[in-house]
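Let's take a walk through this model together, starting from the ligand and working outwards. Keep the viewer open as you read.

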Amino acid sequence: MNKKFWEQKNVLITGHIGFLGSWLTNTLLELGANVVGVDIVKSRKGSVLIAKSKNFKGIKADVANLKSLAKIISTNKPQIIFHLAAEAIVSRANNNPIRTFKSNIEGTWNILEIARKTKSIQAIVMASSDKAYGAHKVLPYKEDAALKGDHPYDVSKSCADLLAYTYFHTYGVPVCVTRCGNIYGPGDYNFSRIVPDAIRCALTDKKLLIRSNGKFTRDYVFVDDIANGYMLLAEKLAHLELGGQAFNFSDENPMTVLKLVDKIYKIAGKKPNYIIQNKVKYEIKHQYLDSNKARKVLGWKVKHTLEEGLQQAIDWYSRLLRK
Ligand SMILES: NC(=O)c1ccc[n+]([C@@H]2O[C@H](COP(=O)([O-])OP(=O)(O)OC[C@H]3O[C@@H](n4cnc5c(N)ncnc54)[C@H](O)[C@@H]3O)[C@@H](O)[C@H]2O)c1
């Protein structure tokens, strides 16, 4: 990363208590940035956020509240914004569509609308998702695939993604979006996701309940590689004129859920122990991304193999579960 770029830079991160937000916050503080975090919760068990720096301030606020967000931005004057705050769990989004749309769509238009009126903001990198594409037959997904989610989480990301597009094309707001595959690694406390759930079951000798038929295909990418991708985008947005663009981030190594689970059990030194429930509704069957654009335009590359990343994650969860 470009330390010179980040030193003393004023950065706002929404969702900084979350899995990816805590990694980004820690990395930016190490590089000397002044970080303000905004999250709807004050703290969370399992968050890897360190944030013991005089350059850090955490604020409890809802991104769906325009007034409080505008006040935070006018007081703290960020030059760079990473907008990650969202309802990020598919099952919770299905159970709470209105709350999901408020956080994921209204929260996004609030950030963009404030940025439209705040000329000092140099770059906004916004978390869309591979799910923003919805289901397509052509694999791997490239950035020009249509955004056509079918279910609440997916649609919330399709909408947020299009909002970023229009705020750049109509108002020149310097925003670009990321569409990442499944992120995993130390600090993901969301145990409804397959990697944390499989590791926890392997480490505690509990039976893993696989909700799909085990044959759904996904790609998995280590959280530190994704944090690097976000930072590269922010660093390069202005001089490479990346406004209004989307970037896929993936390790381009798709696999079935069963293959992933077998790998996790093998690395953890345990015998696979799971039941295939085959009961999911509303999930895309096969989805994985082409990251050629990020590699070519940003010079981004995956630094952690799946095996190394999973080993790091397993070590972290074993410490967490011992506490
Ligand atoms: N983890 C993945 O595999 C993945 C893949 C693609 C995209 N994404 C996207 O990346 C972003 C970060 O994901 P994550 O895995 O760190 O999720 P996470 O759930 O760990 O973090 C999201 C954070 O946002 C906060 N938040 C939720 N609603 C809010 C609101 N209304 N106001 C303020 N804060 C709010 C939550 O409290 C949480 O701390 C999300 O936008 C997610 O949709 C994640």
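How many nonpolar, polar and charged residues does the shell around the ligand have? Sorted by class, that shell has 15 nonpolar, 9 polar and 3 charged residues. Before going further, please keep in mind that you are looking at a predicted model.

Stay with the ligand for a moment. It is surrounded by 27 residues, and the closest are Gly15, Gly18, Ala85, Ala86 and Ala88. You can also view the shell by secondary structure: at least two residues each come from helix 2 (19-30), strand 2 (34-39), helix 5 (97-116) and strand 7 (182-184). Helix 2 gives the largest share, with 3 residues.

Now zoom out to the whole chain, which is divided into two domains. Domain 1 takes in 3-185 + 223-251 + 290-303, while domain 2 is made of 194-216 + 253-285 + 308-322. Their C-alpha centres lie 27 Å apart. Where the domains touch, domain 1 provides 8 residues and domain 2 provides 9 residues. On the domain 1 side of this contact, the residues divide into 3 nonpolar, 4 polar and 1 charged.

Next, let's look at how some of the helices pack. Helix 7 (residues 194-204) sits against helix 9 (residues 257-267), with an angle of about 40° and axes 10 Å apart. Why is this pair called oblique? Angles under 35 degrees would count as roughly parallel and 65 to 115 as roughly perpendicular, so this pair falls into the oblique class. The crossing of helix 7 and helix 9 is right-handed. To find the contact in your viewer, select Ile194, Ala198, Ile199 and Ala202 in helix 7, which meet Val257, Leu260, Val261, Ile264 and Tyr265 in helix 9. By class, this contact of helix 7 with helix 9 has 9 nonpolar residues, no polar ones and no charged ones.

Helix 9 has another partner to visit. Helix 11 (residues 306-322) packs with helix 9 at an angle of about 60°, and their axes are 10 Å apart. Helix 9 and helix 11 are therefore oblique to each other, and their crossing is right-handed. On the helix 9 side the contact is made by Lys263, Ile264 and Ile267, and on the helix 11 side by Leu306, Glu307, Leu310, Gln311 and Ile314. What does the contact of helix 9 with helix 11 have by class? There are 5 nonpolar, 1 polar and 2 charged residues. Ile264 is worth highlighting, as this residue of helix 9 appears in the contact with helix 7 and also in the contact with helix 11.

Finally, two backbone details deserve a stop. Which peptide bond is cis? The bond from Leu139 to Pro140 is, with omega near -10°. You will find Pro140 in the loop between strand 5 (123-127) and helix 6 (152-171). The other detail is at Ala51, which is not a glycine and yet has a positive phi of about 50°. Look for Ala51 in the loop that runs between strand 2 and strand 3 (56-60).

Methods: Residues are numbered from 1 along each chain as its sequence is written. This is a predicted model: local features need pLDDT of at least 70, side-chain atom pairs count only at pLDDT 80 or more; totals for chains, interfaces and linings use all residues. Domain bounds come from an automatic or database domain assignment. Two residues are in contact if their C-beta atoms, placed from the backbone, lie within 7 Å. Ala, Val, Leu, Ile, Met, Phe, Trp, Tyr, Cys and Pro count as nonpolar, Asp, Glu, Lys and Arg as charged, and the others, Gly among them, as polar. Axes are lines fitted to C-alpha atoms, for helices over the stretch in contact, and angles run from 0 to 180 degrees between N-to-C directions. Helices (H or I, at least four residues) and strands (E, at least two) are DSSP runs, numbered from the N terminus. A crossing is left-handed if the near helix is turned anticlockwise from the far one by less than a right angle, and right-handed if clockwise. A residue is near a molecule or strand if its C-beta atom, placed from the backbone, lies within 6 Å of it. Angles under 35 degrees count as roughly parallel, over 145 as roughly antiparallel, 65 to 115 as roughly perpendicular and the rest as oblique.
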